[in-house]
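Visitor: I've got a few minutes and a fresh set of coordinates. Mind walking me through them?

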Amino acid sequence: MLSRRSREPTDFSAEANSTHGTIWRLSQVRALTGKRLLQSDSGRKFQYMFGRQKPADAGNDASNKPASGLVSRLGAALGRTRGRLVQGLSRLLAGGAKIDDALLDQIEELLLSADVGVAVTTRIVEGIRSGVKKADGEAEDAVLRSLEKEMLAVLEPVATPLEIPRKLSRPFVVLVVGVNGTGKTTSIGKLAYRLRSEGRSVMLAAGDTFRAAAIEQLKSWGEQNQVDVVAQHTGADSASVVYDALHSATSSRIEVVIADTAGRLHTQIDLMEELKKVRRVVSKLDPEAPHEVLLVLDAGTGQNALAQAIQFHQAVGVSGLCITKLDGTAKGGVIFAIAESLGLPIRYIGVGEGVADLKEFDAHAFVQALLAG
Ligand SMILES: Nc1nc2c(ncn2[C@@H]2O[C@H](COP(=O)(O)OP(=O)(O)OP(=O)(O)O)[C@@H](O)[C@H]2O)c(=O)[nH]1
Ligand SMILES: [Mg+2]
């Protein structure tokens with residue numbers, strides 16, 4: 001299980017120069033990766049590679065009922081995906097259409113066109129088939145009810161919010177990773193805003209040192225949220241920037257450090273090696289850090305997002321996902337494929353470019369918003 005990441009002893013020596021001139025020699029460190037998990041399961045299907053999280057709030061009681069304001073805000077953002085799915089379904093079911101194999105085939109095509117993925121589509125269509133058989137009354141209602149049930153069954157187990165405990169003796173470190181352009185820096189800005197609104201103290205680390213613009217972008221989010229940003233010059237060692245931030249946050253008793261990282265490197269240095277080094281160096285200051293490795297995936301990239309998740313998880317052990325740009329795509333159904341295939345907790349979704357457009361992932365609100373009107 002990801003929440004209990006395997007720790008493997010790794011032999012290596014590494015050095016990182018912090019701005020204080022400290023040299024860190026790491027003779028034997030436990031690298032926090034899920035490699036063994038992946039290797040031992042290599043012959044199996046995706047969904048078993050990552051294990052499954054138990055639903056935090058499984059069940060259908062009243063506490064699962066999402067706030068109507070959230071549902072309508074999400075509904076507006078998910079308009080393009082909803083348009084494809086629900087309007088497509090309404091067309092198929094118009095005029096009391098008979099639910100037969102031909103219609104189920106068309107529903108299958110519709111789901112696939114929204115990037116829901118083959119496994120989940122098959123599961124949903126089978127659910128509809130048996131739901132409709134059992135139902136008496138309107139076929140359209142039976143289809144929608146089955147659809148909702150099956151969608152929730154896929155999403156609920158991964159709707160696990162990121163819990164940052166209060167009164168920690170050391171800062172909680174969130175390392176944000178992902179390929180370039182997925183929305184890492186923007187999501188960090190939005191997350192800082194969320195945490196500040198909850199009264200938490202936050203510090204940002206400009207770990208993407210490859211572009212001056214990346215550092216400036218993070219500084220601007222810091223200013224907007226009145227949050228300090230620890231940065232060095234372009235080309236500096238990313239691990240040393242994050243180390244400095246954690247060092248400084250610890251002495252200032254800051255609760256949360258969020259570290260940005262590069263999505264692409266322009267040199268021969270391998271991105272994954274750099275991220276591994278960040279992990280190692282940070283864990284010298286606090287063996288529990290980073291407490292969260294948040295992988296940012298762009299929903300618009302569809303099935304590519306799955307491949308990215310596997311690569312990052314193998315390298316640095318991902319503990320949560322943030323799925324962005326759900327507002328700009330008709331392929332938002334990919335969230336089902338991601339949930340089913342990876343079993344990784346989905347912490348947040350990005351539904352716009354504004355500071356308040358990062359939502360904690362709520363499976364019920366999401367499905368309701370998707371199927372509404
Ligand atoms: N519509 C929409 N745009 C988003 C969302 N999240 C990020 N973006 C936009 O996506 C673009 C890239 O975002 P960045 O945050 O710079 O992405 P990054 O992953 O940091 O990129 P690199 O630093 O190049 O690796 C920006 O124009 C953001 O405004 C979202 O949820 N919805
Ligand atoms: Mg960035």
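Visitor: Let's start with helix α5, residues 101–113: what span is expected for its 13 residues?
Guide: Keep in mind that this is a predicted model. We take 1.5 Å a residue for α5, and the distance from the first C-alpha to the last comes out close to that expectation. The expected value, like the computed one, is 18 Å.

Visitor: Which residues of α5 are buried?
Guide: Residues three or four places apart on an α-helix point the same way, because there are 3.6 residues a turn. The buried ones here cover an arc of only 95° around the axis, so they sit on the same side of α5. They are I107, L110 and L111.

Visitor: And which exposed residues does the face turned away from the buried side of α5 carry?
Guide: The buried residues of α5 pack against α4 (79–93) and α6 (118–134). Turned away from that buried side is a face with exposed residues, namely D101, A102, D105 and E109.

Visitor: On to helix α8, residues 184–197. Is α8 largely enclosed or not enclosed by the rest of the structure?
Guide: Its end C-alpha atoms are 20 Å apart, which agrees with the 20 Å that 14 residues should span at 1.5 Å a residue. Buried residues in α8 include K184, T186, I188 and L195. Eleven of the 14 are buried, so the verdict for α8 is largely enclosed.

Visitor: Which element gives the most to the shell around ligand 1?
Guide: Ligand 1 is surrounded by 21 residues, with N180, G183, T186, G263 and G350 the closest. By class, that shell has three nonpolar, twelve polar and six charged residues. The top contributor, with three residues, is α8.

Visitor: How many of the five residues of strand β6, 256–260, are buried?
Guide: In a regular strand the side chains alternate between the two faces of the sheet. In β6, V256, I258 and D260 point one way while V257 and A259 point the other, and all are buried. That makes β6 largely enclosed by the rest of the structure, because the buried count is five of the five.

Visitor: Which residue of β6 stands opposite L204?
Guide: Strand β4 (residues 202–206) runs parallel to β6, joined by five bridges. Strand β3 (residues 172–177) also pairs with β6 in the parallel sense, over four bridges. From β3, V174 stands opposite I258. For L204, the residue opposite is likewise I258.

How values were computed
Residues numbered from 1 in each chain as written. Chains lettered and ligands numbered in written order. Predicted model: local features only at pLDDT ≥ 70, side-chain atom pairs only at ≥ 80, totals over all residues. Helix = DSSP H or I, 4+ residues; strand = E, 2+ residues; numbered from the N terminus. Expected span 1.5 Å × (residues − 1). Buried ≥ 20, exposed ≤ 12 C-beta atoms within 10 Å, placed from the backbone. Near = placed C-beta within 6 Å. Nonpolar A, V, L, I, M, F, W, Y, C, P; charged D, E, K, R; others polar. Pairing = 2+ DSSP bridges. Arc of directions from axis to C-beta. Contact = placed C-beta atoms within 7 Å.
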